[in-house]
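Dear colleague,

Here is the structure for your files. My notes on it follow below.

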Amino acid sequence: MSVLLQDSFLSLQNDISGLSITEALKKLYNAFPEGVTFSTSFSYEDQVITDHISKSVPVSIFTLDTGRMFPETYSTWTRTLERYGLPVKAFYPEEEQIQNFVTTNGPNAFYESVELRQKCCYIRKVVPLKKALEGKAVWITGLRAQHSPNRGDLQLLEWDETNRVIKYNPLLHWTTEEVIQYINQYNIPYNALHDRGFVSIGCAPCTRAIKSGEDFRAGRWWWEDAGKKECGLHVHQTISK
Ligand code: SF4
């Protein structure tokens with residue numbers, strides 16, 4: 001981390017502690033007017049954050065369109081545009097990379113091995129994410145501690161060494177019930193798959209509904225070992241004060 005960004009990070013950690021989400025967004029936006037960006041996958045959590053952005057400051061919003069998303073996700077995207085009128089910039093895989101991968105391995109190679117699944121995620125998500133975060137200082141995400149055990153030690157504001165940005169996780173300590181209550185209270189458009197047992201929603205071939213009592217992430221890459229269920233977008237490091 002550059003000394004300048006590290007100083008900003010440490011002072012922002014103090015500044016946003018105890019603030020509401022809209023107040024924290026304003027603080028971050030004032031610190032980096034062009035440098036704050038929010039990634040949405042139109043999940044429950046991301047819809048709550050979009051609603052907060054609509055009530056505070058015009059931070060840029062982007063999504064990673066992997067080309068394998070559910071029709072219901074595209075429908076949520078459309079309804080979000082209708083509701084908020086906020087531009088959502090789409091980032092896509094590099095054509096040559098995805099063409100070579102599919103030509104060599106076929107369209108559903110992710111079922112064959114963890115390596116091929118991670119390669120697919122890398123091409124369809126990680127590379128576009130790097131492009132989306134170019135020149136940005138703060139990346140806002142919908143991560144929650146409840147999502148999975150390896151997200152339990154996330155911080156509200158943390159340094160992402162891989163992407164070299166400050167990461168802000170405003171819903172970190174929200175429970176699922178609180179998220180749903182907010183969605184209902186403000187009549188926010190949400191992905192219809194949530195009503196059919198889908199909780200964490202990614203690409204269509206790699207996401208299934210979960211049964212009562214199953215882990216939050218059980219519906220993602222369900223054929224793999226539970227310990228490997230990240231797509232490479234969120235790599236966690238902690239920086240202490
Ligand atoms: Fe590919 Fe599945 Fe990863 Fe989507 S979630 S990028 S389809 S492996």
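In these notes Ala, Val, Leu, Ile, Met, Phe, Trp, Tyr, Cys and Pro count as nonpolar, Asp, Glu, Lys and Arg as charged, and the others, Gly among them, as polar. The model is predicted, so local features need pLDDT of at least 70 and side-chain atom pairs 80 or more, while totals for chains, interfaces and linings use all residues. Numbering starts from 1 along each chain as its sequence is written, and side-chain values use heavy atoms, without hydrogens and water.

The largest pocket (an open set of points on a 1 Å grid over the protein atoms alone, where a 1.4 Å probe fits, with protein on both sides within 12 Å along at least five of seven lines) has a volume of about 170 Å³ (the space filled by probe spheres set on the points, which are joined across faces, edges and corners). Its lining (residues with an atom within 4 Å of a point) divides into seven nonpolar, four polar and no charged residues. Among them are His52, Tyr168 and Trp174.

Six strands (DSSP runs of E, at least two residues) form an open sheet in the order β3-β2-β1-β4-β6-β5, with mixed pairing (at least two DSSP bridges between two strands). β3 (88-91) and β5 (157-160) are at the edges with a single partner strand each, so one side of each has no neighbour in the sheet.

Of the 11 residues of helix α3 (44-54; helices are DSSP runs of H or I, at least four residues), 10 are buried (under 20% relative accessible area, 1.4 Å probe, protein chains only), so α3 is largely enclosed by the rest of the structure. The buried residues include Tyr44 and His52. Their cover includes α2, β1 and α7 (176-185), by contact (heavy atoms within 4.5 Å).

Regards

Terms used
Buried < 20%, exposed > 50% of the residue type's maximum accessible area, 1.4 Å probe, protein only.
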